Amino acid sequence: MKGIVSKVALGVAGTGMAVAVAAVAIGPRVSDWYDEHHQQQGSYETGTQAKADRRSMPAWLPDNASGVKYLMSTRGDDRLLSATLPEGRLPAGCTVGLPGKSAHPVPESLKAGWFPENVATKASGTCGHYNVALTGNQLYAWQDGAAVQAALRAEHVAKH
């Protein structure tokens with residue numbers, strides 16, 4: 001009887017080890033797969049096309065913007081946006097500078113080869129809830145969902 005109990009215990013321990021190893025090896029891939037399936041992206045020739053295709057596209061994006069690239073999380077308000085602005089200046093309604101506050105972070109959950117790393121250090125203004133960096137006529141904009149929700153709560157409290 002002792003032999004059977006020992007074999008069962010050894011089998012249970014071995015199965016537990018195999019599950020633990022599999023979780024360590026496969027877990028990150030499952031997480032990446034899950035994140036990628038909760039993202040939507042698109043590329044558009046113009047701002048007009050981008051806004052016609054996606055309700056979540058910010059209204060401040062100029063119609064004549066070109067080379068628009070967009071990545072969003074479907075689980076929140078995290079967004080990345082890149083566009084070429086023919087005028088080389090921030091769109092109407094945007095604010096130059098970040099008076100009294102720092103740029104919110106670029107969402108860590110979103111990665112795109114067309115969106116530069118460390119762009120938050122080059123933030124030059126805000127457009128709605130987006131922070132923006134303008135390099136020549138290339139606009140990079142990002143929105144951090146947690147920062148958006150905090151701003152919306154603050155606006156709600158201020159109204160009441």
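**Figure 1. The disulfide between Cys94 and Cys127.** In this predicted model, the sulfur atoms of Cys94 and Cys127 lie 2.0 Å apart and form a disulfide. The count of disulfides in the structure comes to 1. Cys94 belongs to the loop between β3 (79-84) and β4 (95-96), while Cys127 belongs to strand β5 (residues 125-127). The two cysteines are 33 residues apart, and their pairing links distant parts of the chain. The disulfide is right-handed, because the torsion about its S-S bond is about 115 degrees. Cys94 has a relative accessible area of 16% and is therefore buried, the limit being under 20%. Cys127 is also buried, with a relative accessibility of 0%.

**Figure 2. The aromatic pair of Trp60 and Tyr130.** The structure holds 4 aromatic pairs. One of them joins Trp60 and Tyr130, whose ring centres are 5.3 Å apart. An angle of 80 degrees separates the two planes, and the pair is edge-to-face. Trp60 is found in the loop between α2 (47-53) and β2 (66-73), whereas Tyr130 is found in strand β6 (residues 130-135); the pair therefore ties together parts that are 70 residues apart in sequence. Both rings belong to buried residues: Trp60 has a relative accessibility of 15%, and Tyr130 has one of 4%.

**Figure 3. Trp114, Phe115 and the aromatic cluster.** The planes of the Trp114 and Phe115 rings meet at 85 degrees, so this pair is edge-to-face. The centres of these two rings are 5.9 Å apart. Phe115 counts as buried, at 7% relative accessibility. Which residues do ring pairs link into a cluster? The cluster consists of Trp114, Phe115, Tyr140 and Trp142.

**Figure 4. The open antiparallel sheet.** The sheet is formed by 7 strands, in the order β1-β2-β3-β7-β6-β5-β4. Their pairing is antiparallel. Strands of a sheet pair through backbone hydrogen bonds. At the edges stand β1 (39-46) and β4, each with a single partner strand, so each has one side without a neighbour in the sheet. Within the sheet, β5 and β6 run antiparallel and are joined by 3 bridges. Gly125 has Val132 of β6 opposite it.

**Figure 5. The surroundings of Ala133.** Is Ala133, a residue of strand β6, buried or exposed? Ala133 has a relative accessible area of 1%, which means that this residue is buried. When residues up to four places away in sequence are not counted, Ala133 touches Val119, Lys122, Ala123, Ser124, Gln138, Leu139, Tyr140 and Trp142. Among these, Tyr140 and Trp142 also belong to the aromatic cluster. Ala120 is 13 residues away from Ala133 along the chain, and the C-alpha atoms of the two residues are separated by 7.5 Å.

**Figure 6. The whole protein, as a setting for the close-up views.** The secondary structure comprises 3 helices and 7 strands. From the N terminus on, these elements follow one another as α-β-α-β-β-β-β-β-β-α. The protein has 160 residues, of which 31% count as buried. Among contacts with a separation of 6 or more, 55% are between residues 24 or more positions apart. The exposed area of the protein is about 10,000 Å², and carbon and sulfur atoms supply 58% of this area.

Terms used
Residues numbered from 1 in each chain as written. Predicted model: local features only at pLDDT ≥ 70, side-chain atom pairs only at ≥ 80, totals over all residues. Heavy atoms only, no water. Helix = DSSP H or I, 4+ residues; strand = E, 2+ residues; numbered from the N terminus. Buried < 20%, exposed > 50% of the residue type's maximum accessible area, 1.4 Å probe, protein only. Contact = heavy atoms within 4.5 Å. Areas by Shrake-Rupley, 256 points an atom, 1.4 Å probe, with all protein chains shown as cover. Disulfide = S-S within 2.5 Å. Phe/Tyr/Trp six-rings, centres within 6.5 Å; stacked < 30°, edge-to-face > 60°. Pairing = 2+ DSSP bridges.
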